[in-house]
Amino acid sequence: MSSYPPIGDHGLIGDLQTAALVSADGSIDWWCTPRFDAPSVFASLLDSERGGHCRFAADLSPQAGASGRQLYLSDTAVLVTRYLAPEGVGEVADFMEPLATSAPSGRHRLVRIARVVRGRVPFTFTCQPRFDYGRASHTLTLSDADARAAVFRAPHGDLHLQATAPITFEARDGDVWARCTLEAGEVAAVVLTSVPSGGAAPEPSTRAGIRDELQRCRAFWIDWLRACTYRGRWRDMVNRSAITLKLLTYAPTGAPIAAATMGLPEQIGGERNWDYRFTWIRDASLSVRTLIDIGFTREAHDFRHWLRDRVAAGVSTSGEPLQIMYRVDGDPYLTEETLDHLEGYRRSAPVRAGNAAADQIQLDIYGEATYALAATGDVGAIEGWRAFAGMLDWLADAWDRPDEGIWETRGGRQNFTYSRLMTWVAFDRGLRLAARFSRPADVARWTRARDAVFDQILDRGWNPKREAFIQHFDTDVLDASLLLMPRVGFLSPVDPAWLSTLDAMERELVSDSLVYRYNPEASPDGLRGAEGTFNLCSFLYVAALARAGRLVQARYAFDKMLTYANHVGLFAEEIGPSGEQLGNFPQAFTHLALIDAALALDEELDRAESRPPAAASARA
């Protein structure tokens with residue numbers, strides 16, 4: 001089997017239109033440009049031989065006592081990979097300066113700076129791009145003057161390399177290689193610039209210019225983070241999660257993507273390998289609600305406009321007013337294809353680009369969209385309101401039917417309880433918005449629909465034998481998505497029916513504070529294989545415990561969950577049986593749930609600490 005680093009052995013950098021993963025050994029294993037959902041330039045995570053990579057690292061021997069460490073500069077998205085050895089200490093800083101324009105750009109710069117802080121350290125550089133997921137050939141041209149510039153030309157775009165002294169490039173079978181040795185205090189850099197095919201070369205890079213670029217990048221992130229209102233107990237992790245959510249947001253439209261990658265498996269060797277580089281209404285709406293909660297109102301404003309445009313356009317491949325996901329520019333067409341030439345991460349095939357789940361019916365998205373619009377406190381101009389009200393009028397007639405549900409099962413539609421829950425949210429928040437802004441609405445119709453959904457959840461979503469709310473109306477299987485029930489206000493977090501459901505989940509879905517979505521053996525989802533615990537659900541569980549007053553248990557579960565973060569504080573979609581990160585990485589859903597869990601736990605701990613000791617002890 002080809003060699004693959006662990007999924008979690010990476011840090012994320014980006015410029016708010018593209019993103020790259022850099023491994024702890026200095027290899028860029030994933031980069032798509034000029035957009036998150038564009039074909040890849042480097043994709044060795046999906047095929048270590050055919051995918052392409054760019055490595056810039058110290059050439060030191062572990063057998064001689066060398067070791068490495070990767071970290072972020074505090075409160076930034078500047079990633080530093082440090083190499084330590086008896087003969088010297090060197091490091092490579094990787095970053096992409098956020099683009100100054102909010103317009104889509106075809107040109108993107110990725111900067112790699114090598115520096116030695118002690119002794120003498122040799123570095124090697126290799127660049128092996130494989131355009132269009134490794135399907136397109138390229139040509140290579142080195143500069144004649146000093147061999148410090150090179151360009152890879154391909155049909156889908158060009159990649160320019162520029163280096164500072166003492167680096168000089170060599171051509172090796174269509175790829176680029178270089179080696180240099182730096183003394184203490186010396187610096188060398190390589191700049192990768194993607195441009196449209198046949199586009200003009202970038203301006204020459206200088207040491208001073210690169211140094212200024214690094215300082216502007218640091219200043220951007222430090223300044224952006226000043227808007228954060230979180231002052232709780234887990235500030236470092238919340239800040240890192242907020243930066244990660246920002247890195248996963250496409251600045252020209254304000255649309256967040258679900259994850260930076262595609263095709264990374266939920267089970268090694270399994271088929272649950274999806275493309276997450278798109279904007280899910282559900283994920284994005286909950287992400288924006290969480291960012292509002294910690295002070296990032298500009299991001300909420302931008303997404304609100306994107307979401308209102310989707311509602312107003314009413315264009316979907318399913319014929320519904322909304323579809324579950326779109327491209328970052330609002331395009332609803334996400335045709336799924338299988339890339340059979342790629343072996344997949346550790347031979348976890350198939351590798352899919354695009355996502356056929358875009359055609360699914362998932363009724364919960366209307367609730368999440370309304371939840372996000374209600375959180376922004378602005379429903380926009382009257383035409384936007386009319387489109388929104390028309391969507392709820394349609395939903396009043398269309399809610400009572402089966403769908404594929406939040407987990408996008410491919411085993412047939414069911415009457416999912418979570419879908420009904422969020423349908424209730426749509427009508428509940430819609431009624432609140434109409435009253436708050438005195439907007440025209442069919443209040444009587446929405447009220448009847450809201451109350452009918454509520455009654456149906458209680459009558460059919462509650463299983464008296466299990467003493468719990470269940471996944472769908474024709475099963476007794478539990479589902480961790482229902483951990484959001486108290487969060488959205490459907491039930492009190494201390495309602496006996498909810499506490500009984502929480503107890504049932506703890507017995508069946510929780511393993512040492514880690515939470516499974518559901519049991520696919522008991523509730524077949526149309527896919528082979530199993531999966532790990534779901535990080536989103538593990539953090540939702542923490543928040544539910546905290547709001548239920550189970551503070552000792554909640555804090556233990558939260559602290560335990562944080563130990564599964566990777567070395568720079570990032571989470572994938574799932575945790576595998578050996579504690580490894582699984583699924584696409586990093587996952588926005590996980591990081592928004594981490595923030596929500598921290599907020600809930602801080603709030604309840606503060607409340608408990610303000611009560612008299614006897615009352616606080618009884619509550620914990």
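The following dialogue reads selected features of a predicted model, covering strands, cavities, cysteines and individual buried residues.

User: Let us begin with strand pairing. How many bridges join β10 to β11, and in which sense do the strands run?

Analyst: Two strands count as paired if at least two bridges are found between them. Here, β10 (residues 139-142) and β11 (residues 149-154) run antiparallel and are joined by four bridges. As one example of the register, T139 has R153 of β11 as its bridge partner.

User: What lies between β10 and β11?

Analyst: The two strands form a hairpin, with six residues between them. Within that turn, A147 has a positive phi of about 55°.

User: Which strand does β11 pair with through six bridges?

Analyst: That partner is β12 (residues 157-163), which runs antiparallel to β11. A149 is bridged to Q162 in β12. β11 and β12 also form a hairpin, and two residues stand between these strands.

User: Please turn to the sheet that contains β27. What is its strand order, and how are the strands paired?

Analyst: The sheet is open and has three strands in the order β26-β27-β28, with antiparallel pairing. β26 (533-534) and β28 (581-582) are the edge strands; each has a single partner, so one side of each lacks a neighbour in the sheet. Between β26 and β27 (residues 574-575) there are two antiparallel bridges. In this pairing, F534 has E574 of β27 as its bridge partner.

User: I should next like to read the enclosed spaces. How many cavities of 30 Å³ or more are there?

Analyst: A cavity is a space where a 1.4 Å probe fits but cannot get out. Five cavities of 30 Å³ or more are counted in this model. The largest holds about 280 Å³ of space. Its lining comprises 23 residues, and those closest to the centre are Y276, I406, W407, E408 and R517.

User: What is the chemical character of the lining of the largest cavity?

Analyst: The lining of the largest cavity has eleven nonpolar, three polar and nine charged residues.

User: How does one describe the second largest cavity, and which residues lie nearest its centre?

Analyst: The same kinds of description apply: volume, lining and contributing elements. The second largest cavity contains about 140 Å³ of space. Its lining has 15 residues, with L286, L484, R487, L592 and D596 nearest the centre. By character, the lining consists of eleven nonpolar residues, one polar and three charged.

User: Which helices supply at least two residues each to the lining of the second largest cavity?

Analyst: They are α4 (281-293), α8 (417-437), α11 (535-547) and α13 (588-610). The greatest contribution is that of α13, which supplies four residues.

User: Let us consider the cysteines. How many disulfides are there?

Analyst: A disulfide requires two cysteine sulfur atoms within 2.5 Å. The count for this model is zero.

User: Why is C217 too far from other cysteines for a bond, and is C217 buried or exposed?

Analyst: The closest cysteine sulfur to that of C217 belongs to C54, at 17 Å, and is therefore too far for a bond. C217 is buried, because its relative accessible area is 0%. For C228, the closest cysteine sulfur is that of C217, 18 Å away, which is likewise too far for a bond. C228 is also buried, at 2% relative accessibility.

User: I turn now to single residues in loops. Where does S316 lie, and what does its side chain reach?

Analyst: A residue is called buried when its relative accessible area is under 20%. S316 is in the loop between α5 (297-313) and β19 (325-326), and at 13% relative accessible area it is buried. The side chain of S316 reaches the backbone nitrogen of G319 at 3.1 Å.

User: Where does T261 lie, and which backbone nitrogen is 3.0 Å from its side chain?

Analyst: T261 belongs to the loop between β17 (255-256) and β18 (279-280). Its relative accessibility of 2% makes T261 buried. A polar atom of the T261 side chain lies 3.0 Å from the backbone nitrogen of F585.

User: As a last case, is L16 buried or exposed?

Analyst: L16 is buried, with 6% relative accessibility. This residue lies in the loop between β1 (10-14) and β2 (19-23). L16 and D359 are separated by 343 residues in sequence, and their C-alpha atoms are 27 Å apart in space.

Terms used. Residues numbered from 1 in each chain as written. Predicted model: local features only at pLDDT ≥ 70, side-chain atom pairs only at ≥ 80, totals over all residues. Heavy atoms only, no water. 1 Å grid on protein atoms, 1.4 Å probe; cavity = no way out; pocket = protein on both sides within 12 Å on 5 of 7 lines; lining within 4 Å. Points joined across faces, edges and corners; volume = space filled by probe spheres on them. Nonpolar A, V, L, I, M, F, W, Y, C, P; charged D, E, K, R; others polar. Buried < 20%, exposed > 50% of the residue type's maximum accessible area, 1.4 Å probe, protein only. Polar contact = N/O pair within 3.5 Å; in protein donor to acceptor, adjacent residues only side chain to side chain.
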